[in-house]
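Student: Please take a close look at a single part of this model, the part around one short helix, and place that part within the rest of the chain. I would like one connected account, with the cut-offs stated as you go.

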Amino acid sequence: MKHSRKMCLAAVVALAVWSTGAVAETLTVTAGGGAFQDTLREVYFEPFKKKFNVDLVEDQYSYELSKIKAMVDSNNVTWDVVNTDSNMVIIGCEQGLFEKLDYSQIGPKDDFIKFGAMDCGAGNVVASTIFFYDKEKFTGETPKTLQDFFDLQKFPGKRGMWKRPYVNLEWALMADGVPKSEVYKVLATEEGLERAFKKLDTIKSEVIWWEAGAQPAQLVGAGEAVMSTGWNGRIDNAIKEGRTFQIVWDGHAIDLNYWSIVKGSPNKDLAMKFIQFASEPEVMKNHSSVASYGPSRKSVGEMIDPDQAEKIPTSSKNIDLGYSYDPEFWAEHGEELVQRFNNWLAQ
C-alpha cells in the first residue's frame, strides 16, 4: 500500500514537471545595489528571466574584490556573474578570480570602446566622474572648467571630493595645466605626483571628503558645499527628481562598469549566456534610455534618442571634453598611491 502511494506521488510530480516544462535554471548576479541595480533589474535581469525561463537571484556587494577572492580561495563560489569596476577587472583577472571571456559569443571586440572588451570583463555601461553645482545658489558667474573647481578666490566655498586618489590626482594635474593626453605619463613620475599633491594642497582646507555615491548630491543640495565631484548617473537622477543641479563636463573621467564571471562559477555556461544577452546592442541601448550611462559598444551610440544622448558621457557633445580613466595605470600603481593619498590626508 505504501509502495503504491509512492508510485502515485512520483506520477503526480512527473506530470507536474511535464505540464509546466523543465525546471528553471538558476543564475546569481551580484551588483552594487541602489538606483543603479534598479536599472540593471529593469534592463537586464527581468528581460533575461522571461526570455530564457531562468530563476535569476540577485545579491549586492560594495565592489570589494576581497569577497570574491574569499569565495574562490575556499572553493565556495555562490555568485555567477558580478558587476565589476575597471580596477577590479584587471587585478581580479591577474589573480585568477574571474573566468576569461569568449568574445565569439559576446560580440566583436573592435565594436567596444577603449577598455570596453577586457579579458575578464565585458563593458556594461560607461559612466563619468564629473563635478556639479546648484544653479539656484549662484547669482553671477558659474563654474565651467576644472580650473574653476580649484579656484577658491573666484568661487569661494567648500568642495566635495571622493576620499580616494582616483581622478582627484588626474584632475589636479589637468587643473595645473597638464594636457589630458599626457596626464598618466606625468602622474607616473615622482615630479608629477608632487605636482598633483601640491595642487590638491591649494584646496585641501576647503574639501569635504565623501565616501558614498549619494553624498555629493546631499552636500550640494544642503549648501554644505558649493560644488562637488560625483558620478554623472547619480547626479542626473537627482536632477530628474527636481534638484537644480548643473553638471560640468569639462575634464570628466570616462570609466566603465563590466560583467565578469567568478572563477569556478557553478553555472558558467548560463553566465556566458547572460553576458551575451546583456551585450546585445538592442538591450544595451535600453540602459542608456532609462539612465544617463553611455553604451560600451560603438554601434549602440547611433541608436540612442538625441535628447537622451546629450546627457551621457559618450555623446558627441560630451566625449571630447573628457579623458579615458586608465585602469591599467591604477592596477599597477593603485596600492602605493592609495597609501600615499591616505598619508597626505592625515597630514
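Tutor: A charge is said to sit over a ring if NZ of Lys or CZ of Arg is within 6 Å of the ring centre and within 35 degrees of the ring normal. The charged end of K204 meets this over the ring of W344, 4.4 Å from its centre, and the charged end of R159 does so over the ring of F149, at 5.9 Å from the centre.

This is a predicted model, in which local features need pLDDT of at least 70, side-chain atom pairs count only at pLDDT 80 or more, and totals for chains, interfaces and linings use all residues. Residues are numbered from 1 along each chain as its sequence is written, and side-chain values use heavy atoms, with hydrogens and water left out.

The mean pLDDT (the predictor's confidence in each residue, from 0 to 100) is 92 for the chain, with 93% of its residues at 70 or more. Over residues 1-20, however, pLDDT stays under 50, and for that stretch the model has one contact (heavy atoms within 4.5 Å) beyond four places in sequence. The chain has 15 helices and eleven strands, which are DSSP runs numbered from the N terminus (helices H or I, at least four residues; strands E, at least two). Its C-alpha trace spans about 90 × 40 × 40 Å along the principal axes, and among contacts between residues at least 6 apart in sequence, 72% join residues at least 24 apart.

The part to look at closely is helix α7, residues 168-175, where eight of the eight residues are buried; buried means under 20% relative accessible area, exposed over 50%, and partly exposed in between (1.4 Å probe, protein chains only). The buried residues of α7 are N168, L169, E170, W171, A172, L173, M174 and A175, and they include E170 alongside the tryptophan W171. For the chain of 347 residues, buried residues make up 50%. Just after α7, G177 takes a positive phi of about 105°.

Two residues of α7, L169 and W171, are among those that touch the most other members of the largest nonpolar core, which has 38 residues; F150, Y184, L187, L200 and W330 are the others in that group. At least two residues of this core come from each of β5 (121-134), α6 (146-149), α7, α8 (183-187), α9 (190-201), β9 (245-261) and α15 (327-346). A nonpolar core is here a set of buried Ala, Val, Leu, Ile, Met, Phe, Trp, Tyr and Cys residues joined through side-chain atoms within 4.5 Å. F150 shows how α7 is engaged: leaving aside neighbours within four places in sequence, F150 is in contact with W171, A172 and A175, and also with K199, L200, T202 and I203. Apart from this core lies another, of 31 residues, among them A31, Y44, F48 and F112.

Strand β5 meets the helix through W171. T129, found in strand β5, counts as buried at 13% relative accessibility, and beyond four places in sequence T129 is in contact with V167, W171, T229, G230, W231, H252 and A253.

Aromatic pairs add to the picture, and the structure holds 31 of them. Rings of Phe, Tyr and Trp (its six-membered ring) pair if their centres lie within 6.5 Å, with planes under 30 degrees apart counted as stacked, over 60 as edge-to-face and the rest as tilted. The rings of F48 and F277 have centres 5.6 Å apart and planes at 50°, so this pair is tilted; the pair links helix α2 (residues 34-52), which holds F48, with helix α12 (residues 268-278), which holds F277, across 229 residues of the chain. Both F48 and F277 are buried. Back at α7, the rings of F131 and W171 have centres 6.3 Å apart and planes at 80°, so this pair is edge-to-face. It joins F131 in strand β5 to W171 in helix α7, 40 residues apart, and F131 and W171 are both buried. Ring pairs also link W162, Y166, Y184, W210, W231, Y323, F329 and W330 into a cluster; of these, Y184 and W330 also belong to the core that L169 and W171 share, while W231 is also a contact of T129.

For contrast with the buried helix, N75 lies in the loop between α3 (65-73) and β3 (81-85) and is exposed, with a relative accessible area of 73%.
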